[in-house]
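Good morning, colleagues. I should like to take you through one structure today, moving from a pair of strands to the whole chain. Please keep the model in view as I speak.

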Amino acid sequence: MKRVTRRLERQYRRGRSADSLSAWRMQFLAQKKLLEAKYTSYWLSTIDACRHNPRMLWKTVNNILQPPVQSATDKLSAADFAKSFTDKVANIRVSTAAAAAPVIVPREVPPLTELKPTTVSEITKLLSTLPAKSCPLDPIPTWLLKRISTTISPILCHLCNLSLHRGIFPTHLKQARVTPRLKKPTLDPDIANSYRPISNLSFISKLVERLVAKRFSAHANLHTLFPAQQSAYRPLHSTETAVLKVHNDLVRAVDDCRVSQLVLLHLSAAFDTVDHQILLCVLSDRFGISGTAFNWFQSYLSERTQSFAHAGLTTDYFPVTCSVPQGSVFGPCGFIAYTEDITVVSEKHSVHSHTYADDTQLYDSSTVADAGSVRDRLTRCVSDVAKWCASRRLQLNADKTETIWFGLRSNLAKLQRTNQSLQVGSSNIQPSSVVRDLGVYLDSELSMKQYVAKTAAVCFCHIRRLRQIRSFVG
């Protein structure tokens, strides 16, 4: 169609006749209609193929709408981000250096001494299901690796099995390229603290990690080594299960005419301050990792390096003496193993708890007359949690700590006459009327009005966006 259009254009420019101009215009209009039809047909088929995958569906919709991409700040360099991130971790390490050594209570666990070797079929399946994300450290793009999966799978299988069998994670796979990612669109992009460091790792590195994480999780799930109150990075566990559990307990307390206090705790740079030696002790004493399997984890954590990239520039490599990389595959699984026994602290104070990654929820209920004892128990529990965190070189973020009371309106009115605040270190946290718990807005009366209003606003926003592409999604 384009070839015919160009030929008619040349004919018109040579002769400049009215007939050739008319023929060129008619052909151009036909080409335009064909392109529009092809565009519509392509996106209709693409959207239809995502009908059973909501995540891919909305990703496709965003590609059609082409939302404005926030430009990278030109006021900060890669060196600025490197200094900010490394200084933040160093300051936390200094502040927790004087804390007592962690008490890691061993438990009887069937040992995991060897990591089960992989197979060519498992590698082929992983290559077909993993996203085609590439890292600057990759020798070839991931999409090409996936395309030649039939040929490359036996080679990758052999390389992965060498790592699992010998208990060695190759040194060249321990490098990470860290890129800053803005935490929220509302934050100032010219301030380094507004960003989160994301480690980009090579595809082969994440492939080996995925195999190990799968075997470690299977071992932990088989012997029930993860606490029931941890809902992150586990099958059949999510923010939904975490919120539902806490919300159900709070609603039942309100139905019994009781009042409840909820405390939302958050850790500062939690993934980046995980101590390697403590993590290895936890894996050995609490999860029964030994032998070649233990050697693999020890090799994986040692001699890691990272460089920082921004605006086309890259810093030199820095040694990584702590952390489980954000962006890695084993990192999230390793973190929940690292913090697995935090629930022991809440159980000691007879306080309910539920955690999701580095977010911890503590709550308890009582009659209105006994509300002071609830506040005192939670204060002591938070204090011990802070000590527990410091012993593991983690730091409780008092600035992001929130608390809220729940109950009937009449009971909440009676609480107004008493002290409802919570002491967290040197900070006195005043109760809020609404808190955002893992994406859900909870108000004091559990009416869910704020959450419904927020959800409706988001829905109307998406409906307005969908109007722009209604011809493609009809």
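In what sense do E13 and E14 pair, and over how many bridges? E13 and E14 pair in the antiparallel sense, over four bridges. Helices and strands here are DSSP runs, numbered from the N terminus, with at least four residues of H or I for a helix and at least two of E for a strand. Two strands count as paired if DSSP finds at least two bridges between them.

Before going further, a word on the source. This is a predicted model, in which local features need pLDDT of at least 70 and side-chain atom pairs count only at pLDDT 80 or more, while totals for chains, interfaces and linings use all residues. Residues are numbered from 1 along each chain as its sequence is written, and side-chain values use heavy atoms, with hydrogens and water left out.

Let us return to the hairpin. Val 435 of E13 has Leu 442 in E14 as its bridge partner. Two residues lie between the strands, and in this hairpin Leu 438 takes a positive phi near 50 degrees. Strand E13, residues 434-437, has Val 435 and Asp 437 on its covered face, with Val 434 and Arg 436 on the uncovered one.

Beyond E14 comes a loop leading to helix H16 (449-467), and Ser 444 is found in that loop. Is Ser 444 buried or exposed? Ser 444 counts as buried because its relative accessibility is 15%; buried means under 20% relative accessible area, exposed over 50%, and partly exposed in between, with a 1.4 Å probe and protein chains only. Leaving aside neighbours within four places in sequence, Ser 444 is in contact (heavy atoms within 4.5 Å) with residues including Trp 405, Phe 406, Leu 412 and Ser 433. Ser 444 and Leu 412 are 32 residues apart in sequence, yet 8.1 Å apart in space, C-alpha to C-alpha.

I turn next to helix H14. H14 covers residues 371-391, and its 21 residues reach 30 Å from first C-alpha to last, close to the 30 Å expected at 1.5 Å a residue. That expected span is 1.5 Å times one less than the number of residues. Among the buried residues of H14 are Val 374, Leu 378, Asp 384 and Trp 388. Val 385 also belongs to H14, and it counts as buried because its relative accessibility is 3%. Which residues does Val 385 touch, not counting those up to four places away in sequence? They are Leu 265, Ile 342, Val 345 and Leu 362. Just after H14, Arg 393 takes a positive phi of about 65 degrees.

Finally, the protein as a whole. Its secondary structure comes to 17 helices and 14 strands. The C-alpha atoms fill a box of roughly 95 × 60 × 45 Å, taken along the principal axes. Of the 474 residues, 45% count as buried. Among contacts between residues at least 6 apart in sequence, 75% join residues at least 24 apart.

To recapitulate, we have looked at the antiparallel pair E13 and E14, at Ser 444 in the loop that follows E14, and at Val 385 in helix H14. Thank you for your attention.
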